[in-house]
Amino acid sequence: MKSNCFCYKVERKGRGFIVKICILASSSSGNAAFLSTERTRLLIDAGIGRRELAKRLAAIGEDLAQIDAVLVTHEHSDHVAGLAALARFCFARRARHLAVFATERTAPYLEWGECVPAVETFQAGCGFTIGDFDISSFTIPHDAVDPVGYTVRAEGIKVAIATDLGYIPDSLRVHFRDTDVLMLESNHDLEMLRVGPYPWSVKQRVMSRRGHLSNEVTAEFIRNDLDSRVSTLILGHLSEHNNHPELVRRAGYDALDGRALFTQLFVAEPGTQSPVFSY
Ligand SMILES: [Zn+2]
Ligand SMILES: [Zn+2]
C-alpha cells in the first residue's frame, strides 16, 4: 500500500499538446469520463459495461484497449460496475494489467474476479502523476467509504470533477480555483424528489449532507462561487427519476446570467455521451 504522492509513468511516445475530454456516461445509472493527451489516456470511473464503454470510445475515435489508467472516485456500482470486465479485457488484449487508482480505503471494496489489475492506492487528498497528467484528489461528502473528486492538469489546462456530494464544502472552492473545465453534480430537482417514487428513507439519504447536490444548491454555487476562469461548465450525474435535463439547463443558465462570465454550459444527459471538448 502506498500513502505518499507518487508518479506513474506511461511508456508511449508522442508529441501532442491537446487535452481532450469526453463525458462518456453521467447519471445515477452509470458514470465514466475520458481525458487524454496525445500520449496518455485516462478514465475517471468505469460505471458502465465494457462493451458500451468500447462503443462510446470508438464513437470519438478512441480504443478501449489503449486506456492507460482508471481513477476511481468511490465504490458505488454506478461508478465501478464495468471495472472488472475492463481489467480482464485490457489484460487479454495487451498482456499487461490495467492500472487502477483508488484510495487505500476504497480499494478493498473493489471486486475483481479472476483478473486483478495493478491497483495503485493513495490517501485521499494526495496527488500523483500519470503520464502527462498531474492529478490531485480531494475528499467529498458522500455516503461511501472514502469518496474523492479529482483535479487533473495537463498542458496548462485544469479539469475538476466532483459528483456524488451532499454539499459543497469550502475546501472544494479552493480545489476548483483556476479551473478551465469543471464538471459538477446537479442530481435532482427538490420538488421532483419530494413527490417522486423513492421511499422516504432514500429521499432523506439523497437530500442529506452525504447524499447528492440538488439543482438549487448547484445553481447557488454557480451564482456566488464559480471561478471566473471556468470556460466549460458541465453539469452531470442527473437522477433519471427526480430530474430533467431542461430543468438543469434552465437553472444553470439563470445562475450564469447573473455573472459576467464567458462560460459555456453543457448538461450531460442520462443515456448519452457528451461531445469532445478539446483544449
Ligand atoms: Zn454516483
Ligand atoms: Zn455514489
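**Entry 1: the chain as a whole**

I began by counting the secondary structure elements, and the protein chain of this predicted model has eight helices and 15 strands. I took helices (H or I, at least four residues) and strands (E, at least two) as DSSP runs, numbered from the N terminus. The radius of gyration of the protein chain is 18 Å, close to the 19 Å from the globule rule for 279 residues, so the chain is as compact as a globular protein of that length. For this I used C-alpha atoms, and the globule rule is 2.2 Å times the number of residues to the power 0.38. Along the principal axes, the C-alpha atoms fill a box of roughly 50 × 40 × 35 Å.

I noted the conventions as well: residues are numbered from 1 along each chain as its sequence is written, while chains are lettered from A and ligands numbered from 1 in the order in which they are written. Local features need pLDDT of at least 70 and side-chain atom pairs count only at pLDDT 80 or more, whereas totals for chains, interfaces and linings use all residues, and side-chain values use heavy atoms, with hydrogens and water left out.

**Entry 2: cover and contacts**

Next I looked up burial, and 56% of the 279 residues of the protein chain count as buried. Buried means under 20% relative accessible area, exposed over 50%, and partly exposed in between (1.4 Å probe, protein chains only). The protein chain exposes about 12,100 Å², of which carbon and sulfur atoms supply 49%; the areas come from the Shrake-Rupley method with a 1.4 Å probe. Among contacts with a separation of 6 or more (contact means heavy atoms within 4.5 Å), 66% join residues that are 24 or more positions apart.

**Entry 3: the zinc ion (ligand 2)**

Which residues are the protein donors of the zinc ion (ligand 2)? I found H74 (NE2), H76 (ND1), H142 (NE2) and D164 (OD), lying 2.2 to 2.5 Å from the ion. Donors are N, O and S atoms within 2.8 Å of the metal (3.2 Å for Na, K and Ca), and water is not among the atoms, so sites may look incomplete. In sequence these donor residues are spaced H-x1-H-x65-H-x21-D. The angles among the four donor atoms run from 92 to 170°, and the site is irregular. Four donors count as tetrahedral if all angles lie between 85 and 135 degrees; four count as square planar and six as octahedral if opposite donors are over 155 degrees apart and all others between 65 and 115; anything else is irregular.

The zinc ion (ligand 2) is 3.5 Å from the zinc ion (ligand 1), and D164 coordinates both. H74 lies in the loop between strand 5 (69-71) and helix 2 (77-80), and D164 in the loop between strand 11 (157-162) and helix 4 (170-175), so this pair ties together parts that are 90 residues apart in sequence. H74 is buried at a relative accessible area of 0%, and D164 counts as buried at 1%.

**Entry 4: the zinc ion (ligand 1)**

I then turned to the zinc ion (ligand 1), whose protein donors are D78 (OD), H79 (NE2), D164 (OD) and H237 (NE2), lying 2.1 to 2.2 Å from the ion. Why is this arrangement irregular? The four donor atoms subtend angles of 94 to 162° around the ion, and this makes the arrangement irregular. Along the chain, the donors follow the spacing D-H-x84-D-x72-H. D164 and H237 link distant parts of the chain, 73 residues apart, with H237 in the loop between strand 13 (232-236) and helix 8 (245-257). Both D164 and H237 are buried.

**Entry 5: the sheet**

Seven strands form an open sheet with mixed pairing, in the order 7-6-5-4-3-2-15; two strands pair if DSSP finds at least two bridges between them. Strand 7 (118-122) and strand 15 (277-278) stand at the edges with a single partner strand each, so one side of each is left without a neighbour in the sheet.

Strand 2 (residues 20-27) and strand 3 (residues 30-36) pair in the antiparallel sense over seven bridges, forming a hairpin with two residues between them. Within this pair, I21 stands opposite L35 in strand 3. Strand 2 also runs antiparallel to strand 15, joined by two bridges, and K20 has S278 in strand 15 as its bridge partner. Strand 2 is mostly covered, with seven of its eight residues buried.
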